[in-house]
Amino acid sequence: MKDKDMRRVLIASLVGSSIEWFDYFLYGTVAALVFNTMFFVAEDPAIGLILAYASFALSFFIRPLGGVIFSHIGDRIGRKKTLVLTLSLMGIATFAMGLLPTYYAIGIWAPILLITLRLIQGLGIGGEWGGAMLLAVEYAPKDQRGFFGSVPQMGVTIGMVLGTLALSVMTLLPEDAFMSWGWRVPFLLSALLVIFGLWIRKGIEETPSFKKVQAEGSAPKVPLVHTLKHHWREVLIAVGAKVVETAPFYIFGTFVVSYATSNVGHTNSEVLNAVMVATIITTILIPIMGKLSDKVGRKPLYIWGAVGMILFAFPYFWMLHEGSNIMMFLATIIGLGIIWAPITAVLGTMFSEIFSAEVRYTGITLGYQIGAAVAGGTAPLIATALLMQFNNSYVPVALYIIFTAVVSLVAIWAVRDRSNQLLDEEAPEAQGKANIIEKQLV
């Protein structure tokens with residue numbers, strides 16, 4: 001494949017992923033600023049806020065369903081076609097949110113339509129990650145697979161930064177202007193990003209791995225059933241490996257905002273600025289870590305990151321409680337910006353290397369989305385509940401971070417590092433013979 005085509009593949013996997021997460025995080029931010037008063041209208045403002053956050057959380061639980069639907073299409077019909085579907089679905093839902101009348105215009109239909117569009121977003125994001133990852137990994141040369149697989153992982157942090165920046169600009173408007181039309185602008189402008197993403201993806205052929213499956217006619221009729229029957233151990237490994245990547249992310253990036261303001265005395269803007277700086281740093285480090293994994297292997301880097309989480313759990317809170325703005329910045333940068341980077345950088349590539357091509361989309365998507373639903377969306381809730389249960393002591397929360405790392409280390413303990421092999425070399429056979437696990441685990 002020519003260098004120009006390789007660049008197009010990388011751009012396609014990154015742009016689509018960034019757009020999806022831009023839309024996803026945009027909703028989360030606007031939920032607390034606008035939706036709580038303009039869509040989820042209640043006599044008690046706290047109830048409106050709870051309803052707005054509940055609508056945000058809903059998508060975490062719909063994501064596995066989207067993953068099942070689109071991974072089936074991806075393993076049966078193709079990666080490229082599925083990615084066009086997921087990006088279109090996400091783009092249409094986000095653009096429509098920008099056009100929605102408020103509660104004061106159409107009453108109860110406003111929150112109903114908003115929740116419906118949010119669920120459509122969740123379906124789209126559920127199928128997007130696996131496709132974007134495979135687009136990069138299945139095209140990658142053997143000695144660059146870690147780097148290629150790290151690129152779509154940058155989409156999470158890039159989308160988060162773009163969403164935050166877009167709203168930061170719009171909040172410069174007078175409050176009345178922002179509440180009436182300013183918040184809608186980022187939702188509507190996302191259509192331009194979607195059009196660009198679709199154009200990039202349209203010019204790419206199916207991946208070599210999927211073409212091979214097509215030529216051999218080895219694609220199972222129902223990839224989900226085949227995966228759960230013959231590859232359930234690998235799915236459990238992927239779910240477990242996802243835990244330390246997703247739970248600390250939401251603690252370092254979301255839970256810390258309320259914790260550092262309520263328990264330490266920092267302002268919202270101080271903490272959000274720290275999260276923003278850490279996010280930019282990790283975005284830069286992710287491809288560097290991906291490239292490093294091509295030299296030292298995926299598993300060692302992942303283990304280093306997970307062990308780093310264990311060692312930093314208590315120092316993280318000690319630094320926060322120093323009360324210094326500089327220490328709070330350093331704590332956030334070390335946790336979210338540095339230690340988290342190698343874990344997320346190698347995660348998708350490592351998942352891709354433990355599943356065979358005919359069920360790879362389904363396998364990595366199940367592991368990723370179930371892990372995200374179980375450990376990601378619940379992390380801030382668990383951390384908050386632990387604080388309430390133990391008189392605002394951070395010790396149980398630090399132990400929870402350590403627990404997530406231990407779970408993931410146990411999960412990947414038996415995984416063999418395949419970074420020096422061709423992607424489909426020694427992969428499990430579609431028929432699920434008795435030696436499936438022997439070929440993947442040691």
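## Exercises on a predicted all-chain model

The chain exposes an accessible surface of about 17700 Å², and 70% of this area belongs to carbon and sulfur atoms; the areas come from the Shrake-Rupley method with a 1.4 Å probe, and for residues only the protein chains shown count as cover. The model is predicted, so local features need pLDDT of at least 70 and side-chain atom pairs count only at pLDDT 80 or more, while totals for chains, interfaces and linings use all residues. Residues are numbered from 1 along each chain as its sequence is written, and side-chain values use heavy atoms, with hydrogens and water left out.

**Exercise 1.** Determine how the radius of gyration of the chain stands against the globule rule.

*Solution.* Begin with the secondary structure, which comprises 19 helices and zero strands, where helices (H or I, at least four residues) and strands (E, at least two) are DSSP runs numbered from the N terminus. The radius of gyration is 21 Å, close to the 22 Å that the globule rule gives for 442 residues, so the chain is as compact as a globular protein of that length; the radius is taken over C-alpha atoms, and the rule is 2.2 Å times the number of residues to the power 0.38. Finally, the C-alpha trace spans about 60 × 45 × 40 Å along its principal axes.

**Exercise 2.** Compare the reach of helix α7 with its expected span, and list its buried residues.

*Solution.* Helix α7 (residues 154-170) has 17 residues and reaches 24 Å from its first C-alpha to its last, close to the expected 24 Å, the expectation being 1.5 Å times one less than the number of residues. Its buried residues (under 20% relative accessible area, with exposed over 50% and partly exposed in between, 1.4 Å probe, protein chains only) include M154, V156, M160, L167 and M170, together with G155, T157, G159, V161 and G163.

**Exercise 3.** Establish whether S150 is buried or exposed, and which residues it touches.

*Solution.* S150 is found in helix α6 (residues 145-150) and has a relative accessible area of 0%, so S150 is buried. Leaving out residues up to four places away in sequence, S150 touches I286, P287, G290, A345 and T349, contact meaning heavy atoms within 4.5 Å.

**Exercise 4.** Describe the backbone and exposure of N391 and N392.

*Solution.* N391 lies in the loop between α17 (379-389) and α18 (395-412), and N392 lies in that loop as well. Although N391 is not a glycine, its phi is positive, about 55°, and N392, also not a glycine, has a positive phi of about 65°. N391 counts as exposed at 73% relative accessibility, whereas N392 is partly exposed, with a relative accessible area of 47%.
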